[in-house]
Amino acid sequence: MRKSERQIAESSRSITRRVVMLGAIQAAVVTALGLKLRSMQIEHADEYRMLSDGNSIKIRLLPPARGLILDRNGTIIAGNEQNYRVTLTREEAGDVSTVIARLRQIIPMSDRQAAEILEEIRKRSAVAPVLVADRLSWAEFSSIALNAPALPGVTPEAGLSRSYPRAGDFAHVLGYVGPVSDYDLSKIENPDPVLRLPEFQLGKVGMEAKLEEALRGKAGSRRVEVNSAGREMRELSRQEGQQGATVQTTLDAGLQNFSTQRLGSESAAAVVIDVTNGDILAISSSPVFDPNKFVRGISGPDYRALMEHDHRPLADKTVQGVYPPGSTFKMVTLLAGLEAGVINPGSRFYCPGYTQVAGRRFHCWRRDGHGMVDAQGSLEHSCDVYFYELAQRVGIDRIAAMARKLGIGVRHDLPMSAIAEGIAPDRAWKKARYDQEWQIGDSLNASIGQGYVLASPLQLAVMTARVATGRAVAPRLVKAIDGTVEPVPDWPELDINPLNLRTARGGMDAVMNSSRGTARRARIIAPEWQMAGKTGTSQVRNITAAERARGVISNDQLPWNRRDHALFVCFAPYDMPRYAVSVVVEHGGGGSAVAAPIARDILLYALADGLPPLSAYPEGERAKVQEMWSKMNLAPSARKGEARAKA
């Protein structure tokens with residue numbers, strides 16, 4: 001009996017605890033509901049009152065500011081500028097045609113533009129805002145804002161747009177941005193929602209395209225209240241986006257401007273590489289174009305003018321253009337022969353002005369020949385016959401292997417568009433490409449940089465840097481991203497005998513500085529900046545036997561597009577190389593007369609870190625150089641050293 005009483009007592013206590021716990025839970029729930037009701041009725045009364053009247057809360061994306069692109073010294077070469085624009089959302093506008101008609105009374109808009117906007121609105125989602133106009137004046141922007149009640153669905157916005165303060169100087173390397181097209185979206189598997197904003201700009205070509213993800217940044221958002229008509233009433237909260245990364249390039253704005261100005265209106269390209277680290281200091285293609293026109297919406301006539309120009313201003317000739325390298329390729333053939341052991345620095349061949357192979361004559365550029373020529377002299381005098389003889393001994397496969405070792409026939413990895421690989425042809429290449437066997441005549445043509453051999457100005461600059469240093473220098477364009485410096489590789493030594501490299505460099509020195517060098521007139525006379533180089537002239541047409549018999553037609557008597565290409569490569573200082581330069585002038589004629597002076601001037605600017613002293617030029621050249629400078633439209637950053645230059 002006592003046991004039963006104890007069980008009953010324990011059961012009663014258990015029930016009491018449960019009742020207390022249940023009561024506490026109920027009290028907590030009631031308290032929470034009370035607090036929520038108080039918040040809704042007192043603290044957020046206005047918000048919920050407006051919602052009950054038909055207002056709603058919407059989340060809208062904020063496009064991030066695009067990352068800046070700087071030169072190596074921190075100068076902005078791609079930035080952002082204020083842009084006033086207006087968008088229209090169909091769902092909120094009601095009668096879109098009426099709204100557009102009202103807008104046309106405020107801002108200028110042609111019938112064609114209005115029709116295109118209506119078509120774009122029809123194609124897009126009803127809730128997607130469509131860009132109606134941008135780059136509005138402050139007066140136009142303010143007028144739209146004042147007339148907001150009569151413009152349902154219209155949203156005036158102040159944002160940022162890409163700008164290129166150096167205009168054409170960096171047009172080819174930076175590229176440009178533009179509105180996101182349906183084609184752009186089709187190439188992306190899971191497009192970022194910010195890409196669908198009407199005002200968003202995407203990198204189209206060049207570094208802008210290749211570094212798009214880093215430069216784009218991350219979108220922000222804002223929480224807005226809109227009424228039943230879709231009009232934005234007020235902004236409730238805002239979370240700013242994250243600006244894209246700041247990219248610092250290896251380029252020097254002053255040198256780039258000087259290089260571009262020095263090329264002038266020629267159809268040409270120039271590349272400058274710091275041979276100690278691979279930094280590209282300048283990479284200029286001419287003629288230039290203004291990338292700002294593409295950002296703002298280039299007009300039909302402007303675009304047609306660019307497309308129809310015979311000098312192809314939209315093409316980046318530095319990396320996309322490939323040319324027969326002509327005699328600038330002779331260092332490759334010479335090193336292939338020296339490395340194979342089929343010749344040595346003292347090996348001599350006789351040049352009577354031609355070589356006869358299989359019943360065909362292969363001519364030297366000097367009709368009466370050069371006589372006996374050794375290895376260094378073959379470069380000094382640019383004797384074609386020497387290389388014809390050498391090619392028959394060394395063979396095309398070893399020449400091609402040396403070309404690739406020096407950077408020709410290799411695609412260099414840079415954040416630029418459509419980088420060409422060039423061609424370092426061999427037997428296997430011709431069989432695969434044309435299903436034909438290699439001929440001895442192919443080897444002779446290749447030995448002097450003609451025939452199937454093709455190289456870009458970038459590759460020629462890399463080749464020169466490797467010959468100058470004996471290291472596998474590779475080009476680079478990015479110095480740092482968001483302050484984090486990109487490491488410079490320790491370029492390995494090339495597997496080339498240093499004595500053979502010295503022979504090639506000696507020949508290049510003789511080209512510039514010997515009494516019979518082919519480019520002596522373009523030399524640098526300042527001993528601390530002594531330059532070594534090699535000229536090149538590549539044919540773009542066949543010279544018939546009949547024409548050769550009566551005299552080859554000079555370039556200045558030919559139509560522009562049938563003239564030879566002019567090429568030149570060089571490095572300096574000779575004893576301790578710092579910079580390598582390549583220049584190609586399409587249909588420019590002779591390399592020594594046209595390309596060499598351009599390359600010399602660009603190289604001197606790099607060495608002097610500004611306009612060089614006139615004393616670095618041969619005395620007979622100084623007046624002409626000073627006159628040339630006075631006509632150049634140099635940017636302030638390119639006029640460094642001007643006082644020193646005039647001294």
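**Figure 1. Helices and strands of the whole chain.** The chain holds 25 helices and 21 strands. The model is predicted. Of the 647 residues in the chain, 51% are buried. The chain exposes about 30,200 Å². Carbon and sulfur atoms supply 50% of that area. Many contacts link distant parts of the sequence: among those between residues at least 6 apart, 72% join residues at least 24 apart.

**Figure 2. The largest nonpolar core.** This core has 57 residues. Which of them touch the most other members? They are V332, Y386 and L406. Helix α16, residues 384-394, gives the most to this core. Its share is seven residues. Another core lies apart from this one. That other core has 45 residues, among them L281, F568, I602 and L611.

**Figure 3. The surroundings of V332.** What does V332 touch, leaving aside residues up to four places away in sequence? Its partners are I399, M402, A403, L406, I408 and M463. One of these partners, L406, is also among the residues that touch the most other members of the largest nonpolar core.

**Figure 4. Helix α14 packed on helix α17.** Helix α14 covers residues 330-340, and helix α17 covers residues 396-405. Their axes are 9 Å apart. The two helices pack at an angle of about 115 degrees. Angles of 65 to 115 degrees count as roughly perpendicular, so α14 and α17 are roughly perpendicular to each other. Is their crossing left-handed or right-handed? The crossing of α14 and α17 is right-handed.

**Figure 5. Residues where α14 and α17 meet.** From α14 come V332, T333, L335, A336, E339 and A340. From α17 come R398, I399, M402 and A403. An α-helix has 3.6 residues a turn, so residues three or four places apart point the same way. V332 of α14 touches I399, M402 and A403 of α17.

**Figure 6. Helix α19 inside the structure.** Helix α19 covers residues 440-447. Why is α19 described as largely enclosed by the rest of the structure? Six of its eight residues are buried, so the rest of the structure largely encloses this helix. The buried residues are G441, D442, S443, L444, A446 and S447. They pack against four helices and two strands: α14, α16, α17 and α18 (427-434), with β14 (354-357) and β15 (360-363). G449 follows α19. The phi of G449 is positive, near 75 degrees.

Note on methods. Residues are numbered from 1 along each chain as its sequence is written. This is a predicted model: local features need pLDDT of at least 70, side-chain atom pairs count only at pLDDT 80 or more; totals for chains, interfaces and linings use all residues. Side-chain values use heavy atoms; hydrogens and water are left out. A nonpolar core is a set of buried Ala, Val, Leu, Ile, Met, Phe, Trp, Tyr and Cys residues joined through side-chain atoms within 4.5 Å. Buried means under 20% relative accessible area, exposed over 50%, partly exposed in between (1.4 Å probe, protein chains only). Contact means heavy atoms within 4.5 Å. Accessible areas come from the Shrake-Rupley method with a 1.4 Å probe; for residues, only the protein chains shown count as cover. Axes are lines fitted to C-alpha atoms, for helices over the stretch in contact, and angles run from 0 to 180 degrees between N-to-C directions. Angles under 35 degrees count as roughly parallel, over 145 as roughly antiparallel, 65 to 115 as roughly perpendicular and the rest as oblique. A crossing is left-handed if the near helix is turned anticlockwise from the far one by less than a right angle, and right-handed if clockwise.
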